[in-house]
Amino acid sequence: MNVTKLASNFSILSMLNRLRNPVLPGFHNHFKRYNSNGNVSICANNVEGFAWIKMNKSPVNTMDASLLVDLEEAFGKLENDAACRGVILTSSLTDVFSAGLDISVLNSNHIADFDNMWEALQNLWLRVYCSPLAIIAAINGNAPAGGCMIAIACDHRIMAHGNYHIGISAPRLGLMLPPWVQRAMENTIGHRHAEEALGKATLYSVDEAFKLGLIDSIVEPEKLEEAAQEEMNKMLKIPDHARILSKQLMRLKDIQYLRDNQKNDLEYTRNHVMLKETQQQIKKFLTNLKKQKK
């Protein structure tokens, strides 16, 4: 694949518009004002030049289409804010980052809802994975399935110490992972570990995730915010043009793959989800989940 040709067709060139008036380390503009909605809040730090995006969809930040769209729009707004150079993504809920995608729409009676959710997931993934912003996931609780997927789309992951787990658990529902998620997992922990993690649908403890490289550091819960801010300040010492272009060149092929195959990816995933065998496994999983809640 010709990287130079891809770069000429992809968002690297569009990001040069942002770099015409770069925000250099030590110089800060003022953020625009943002109104929070029920799902997501934006908290700007004018002094340091970054913002917090906090998920707030009770009880467990289930990633239905509405939360995914709100997250994508929040990142988009901050990308267009000249004062913002970085984002820390976290949850305002106790002990949970995100429980992942909305399993209820994986039912064969909700095809339109599934399409909306999957398209919103694709768009959020692309927004985060190729963002010119420096993005840190401050993981303050459990992050299975879609929670882990969004975390590995970020540039850096810090997780709070505790009885929490993180990993891609979709195969437990009989679901296959799309190539763009597989590749991101492989880029994060290496091919052999990714193959094993996805094949076994492993949910790792905090310590296990750190040893594997799935997360970059562990801190006590009360230190998570401070640690994320310290790491962001380190990232923002790098001039924007160097950081952005380096990041996007590293991720270019995987991003371009999804951009070129979004429609096919949706159709293939939908067809797999609606298979009789997959539907039976999903129903079995939901039944067991209801029993656990009683």
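This report describes confidence, pockets, a helix and selected residues in a predicted model.

## Confidence in the model

The chain has a mean pLDDT of 87, and 86% of its residues reach 70 or more. Two stretches stay under 50: residues 1–14, for which the model has 22 contacts beyond four places in sequence, and residues 16–28, for which it has 24 such contacts. Where pLDDT is low, the predicted coordinates should not be read in detail.

## The largest pocket

The largest pocket holds about 910 Å³ of space. Its lining consists of 36 residues, and those nearest its centre are Ala 99, Leu 101, Ile 103, Ala 145 and Phe 285. Two or more lining residues come from each of β6 (100–101), α4 (111–129), β8 (141–144), α5 (146–153), α10 (240–273) and α11 (276–293). Helix α11 gives the most, with seven residues.

By class, this lining comprises 22 nonpolar, 10 polar and four charged residues.

## The second largest pocket

The second largest pocket has a volume of about 420 Å³. It is lined by 18 residues, with Cys 154, Asp 155, Lys 247, Met 250 and Arg 251 nearest its centre. Helices α6 (179–189) and α10 each supply at least two residues of this lining, and the largest share, seven residues, comes from α10.

In this second lining, eight residues are nonpolar, four are polar and six are charged.

## Helix α3 and strand β4

Helix α3 covers residues 65–79. Over these 15 residues the helix reaches 21 Å from its first C-alpha to its last, close to the 21 Å expected at 1.5 Å a residue. Its buried residues are Leu 67, Leu 68, Asp 70, Leu 71, Glu 72, Ala 74, Phe 75, Gly 76, Leu 78 and Glu 79. An α-helix has 3.6 residues a turn, so residues three or four places apart point the same way.

Leu 89 belongs to strand β4 (residues 86–91). Because its relative accessibility is 0%, Leu 89 counts as buried. Beyond four places in sequence, Leu 89 touches Leu 71 and Phe 75, both among the buried residues of α3. The C-alpha atoms of Leu 89 and Leu 71 are separated by 9.6 Å, with the two residues 18 apart along the chain. The other contacts of Leu 89 are Ile 53, Met 55, Phe 97, Ile 136, Ala 137, Ala 138, Ile 150 and Cys 154. Cys 154 is also one of the residues nearest the centre of the second largest pocket.

## Gln 122 in helix α4

Gln 122 is found in helix α4. With a relative accessible area of 1%, this residue is buried. Leaving aside neighbours within four places in sequence, Gln 122 is in contact with Trp 180, Leu 258, Gln 262, Asp 265 and Leu 266.

## Backbone features

Most residues other than glycine have a negative phi, and most peptide bonds are trans. The peptide bond from Ser 58 to Pro 59, however, is cis, with omega near 10 degrees. Pro 59 lies in the loop between β2 (50–55) and β3 (62–63).

Asn 61 is also placed in the loop between β2 and β3, and its phi is positive, about 55 degrees, although it is not a glycine. Asn 61 counts as buried because its relative accessibility is 0%. Ala 201 likewise has a positive phi, near 50 degrees, and is found in the loop between α7 (191–200) and β11 (204–205). At 3% relative accessibility, Ala 201 counts as buried.

Terms used. Residues numbered from 1 in each chain as written. Predicted model: local features only at pLDDT ≥ 70, side-chain atom pairs only at ≥ 80, totals over all residues. Heavy atoms only, no water. Helix = DSSP H or I, 4+ residues; strand = E, 2+ residues; numbered from the N terminus. Expected span 1.5 Å × (residues − 1). Buried < 20%, exposed > 50% of the residue type's maximum accessible area, 1.4 Å probe, protein only. 1 Å grid on protein atoms, 1.4 Å probe; cavity = no way out; pocket = protein on both sides within 12 Å on 5 of 7 lines; lining within 4 Å. Points joined across faces, edges and corners; volume = space filled by probe spheres on them. Nonpolar A, V, L, I, M, F, W, Y, C, P; charged D, E, K, R; others polar. pLDDT = per-residue confidence, 0-100. Contact = heavy atoms within 4.5 Å.
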